[in-house]
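Please look through the sequence and the model below before reading on. The paragraphs after them walk through the structure step by step.

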Amino acid sequence: MFSDFDRTAMQRALELAARGLTTTHPNPRVGCVIARSGRVVGEGWHLRAGDSHAEVAALAAAGGQAAGASVYVTLEPCSHEGRTPPCVDALIAARVARVVYAVGDPNPLVNGQGAERLGAAGVAVEAGLLAAEAAELNAGFMKRMRTGLPWVRVKIAASLDGHTALASGASRWISGEASRADVQQWRARSSAILTGVGTVLADDPRLDVRLSEADGIERRQPLRVVLDSSLRTPPEARLFEASGEVLIVTALPASDPQWEPRCAALAERGAHIETLPAESGRVPLGAVLERLGELEINELQVEAGPTLAGSLVQQGLLDELLLYVAPRLLGPGARPLVAFPELGELEAAPAFEIVETLRVGEDLRLRLRPRAQ
C-alpha cells in the first residue's frame with residue numbers, strides 16, 4: 001500500500017520527467033525523487049541521450065543521504081550498459097533501501113531485470129504507483145519497444161463542419177494563431193514529422209520546430225519525412241531550409257530513368273532517400289512505420305492531407321488524432337477531414353474516444369483515440 005507521501009513524491013518525479021519532453025529522443029522521459037523520513041534529499045531527470053539518467057542525477061544531488069533512502073522513479077531502472085552505465089548498479093552502490101517505480105520498462109534489455117537485480121541486492125522494490133500517468137508520458141517509447149512501431153499522431157485543423165480547406169485548396173489559416181503556436185509544442189516533442197508530397201507541393205511547409213530557447217535548453221529538430229511515390233518533391237522546397245534531416249521515402253524503382261537525376265537533385269539539398277516496393281502505386285504505410293521504428297522514432301506527428309490521414313485510419317495505423325476545431329464554416333464542396341471510400345452502414349464508421357478537450361485561443365483542441373472494437 002502506497003502512502004500519501006509516496007504519491008506526492010511520484011507525482012513530483014513525473015513533473016521532473018516532463019522537463020525532458022522535447023529533448024530525450026530516442027530515450028524515454030524519466031524523473032526521480034529520493035527521500036528520507038518524508039523529506040526530499042535529491043531530485044533528477046533525464047535531459048537527453050548520453051547524459052545522466054534520472055536516477056544517477058538524483059543520487060548525485062542526494063550524496064551520502066541516499067543511503068537508506070526511498071527512491072521514486074517513473075520508469076523501471078535500467079539494468080544494461082548503454083550510452084551510460086546501468087542505473088541499478090548506481091542505486092545498489094548508493095545503498096538505497098527502497099525503490100518505487102511507476103511502470104516497467106518494456107525494453108527487452110530491461111523488462112523486469114532491473115527490478116530483479118535490485119531485489120537480489122536486498123533493495124525493497126515496489127511498482128505500479130501512478131503507472132497510467134507514467135505510461136502516457138512515454139506512449140511512443142512504450143509502443144516502439146513493444147511493437148517496433150512509433151506512436152502515430154495525426155494533426156488536423158478543421159472547420160466546425162469538418163473541412164480542412166476550400167475546394168480550391170486554400171487553407172491558410174483555418175485555425176488561429178494560438179493553435180498554430182500549440183502545434184509547435186507537439187512538433188517539439190515528436191521524433192519525426194511526416195507528410196505527403198501532395199502537401200509539399202500545395203503548401204510548401206517547413207515542418208520544423210520554431211520555439212524560443214529562453215529556457216536555455218537546446219532542442220533538436222525532428223526528422224522530416226516525406227512520402228513521395230514518384231520523387232516529385234521540388235529541390236527548392238522550404239523543408240530543406242531548416243536544420244535537421246529530411247528523409248524522402250519513395251516507391252520509384254531505381255530502374256526508372258527519372259530515379260537517378262531526381263535523387264541527385266534532392267541529395268544535393270541534403271535529403272536522404274529510401275525506396276520501398278509500391279503497393280497500389282503508393283508508398284506502403286505499414287512498411288514506412290516499421291522503418292521509422294528501426295530509426296528509433298518514438299512519436300510520429302503526421303501533418304498531411306485527407307488522403308494520407310484517411311489511409312492511416314482505414315489501415316488501423318493511427319494511435320491519436322490531434323484535432324483543432326475552428327469556429328467557422330466552410331460549406332459544401334470544401335475538402336474533407338479525412339478521405340476514404342463511402343460507408344455502407346453506420347456500424348462501419350471509425351469511432352473515437354475523446355481523451356482531452358482544451359480551449360486554445362478561439363479554437364477547440366480535441367485529442368481522440370480509436371475506440372476499441
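What follows goes from the sheet to the nonpolar cores and then to two buried loop residues.

The model is a predicted one, and a convenient place to begin is its open sheet, in which 9 strands are arranged in the order 11-10-9-8-12-6-13-16-15 with mixed pairing. Strand 11 (271-275) and strand 15 (352-360) stand at the edges, and because each has a single partner strand, one side of each is left without a neighbour in the sheet. From one strand to the next, the twist averages 25°.

Within this sheet, strand 6 (residues 151-159) and strand 12 (residues 299-302) run parallel and are joined by 4 bridges; Trp151, for instance, has Glu299 in strand 12 as its bridge partner. Helix 10 (residues 285-294) packs on the sheet, where it touches strand 6, strand 8 (192-196), strand 9, strand 10 (246-250), strand 11 and strand 12, and the direction of helix 10 makes about 160° with that of strand 9.

The nonpolar cores come next. The largest nonpolar core has 40 residues, and the members that touch the most others are Met10, Ile34, Val96 and Val99. Helix 1 (residues 4-17) supplies the largest share of this core, with 6 residues. Apart from this core lies another, of 32 residues, which includes Leu194, Ile297, Val313 and Leu366. Returning to Ile34, and setting aside residues up to four places away in sequence, one finds among its contacts Val40, Val41, Ala58, Leu59, Ala62 and Val71.

Two loop residues deserve a separate look. Leu129 is found in the loop between strand 5 (124-127) and helix 5 (131-137), and it counts as buried because its relative accessibility is 1%, where the cut-off for buried is under 20%. Beyond residues up to four places away in sequence, Leu129 touches Phe2, Asp6, Arg7, Met10, Val100, Tyr101 and Ala102. Leu109 is 20 residues apart from Leu129 along the chain, and the C-alpha atoms of the two are separated by 22 Å.

Is the other loop residue, Asp208, buried or exposed? Asp208 sits in the loop between helix 8 (197-203) and strand 9 (223-227), and with a relative accessible area of 3% it is buried. The side chain of Asp208 makes a polar contact with the side chain of Arg206, at 2.7 Å. Leaving aside neighbours within four places in sequence, Asp208 is also in contact with Gln184, Arg187, Gln221, Arg224 and Ala242.

Technical notes: Residues are numbered from 1 along each chain as its sequence is written. This is a predicted model: local features need pLDDT of at least 70, side-chain atom pairs count only at pLDDT 80 or more; totals for chains, interfaces and linings use all residues. Side-chain values use heavy atoms; hydrogens and water are left out. A nonpolar core is a set of buried Ala, Val, Leu, Ile, Met, Phe, Trp, Tyr and Cys residues joined through side-chain atoms within 4.5 Å. Buried means under 20% relative accessible area, exposed over 50%, partly exposed in between (1.4 Å probe, protein chains only). Contact means heavy atoms within 4.5 Å. A polar contact is a pair of N or O atoms within 3.5 Å; within protein, one must be able to donate a hydrogen and the other to accept it, and residues adjacent in sequence count only if both atoms are side-chain atoms. Two strands pair if DSSP finds at least two bridges between them. Axes are lines fitted to C-alpha atoms, for helices over the stretch in contact, and angles run from 0 to 180 degrees between N-to-C directions.
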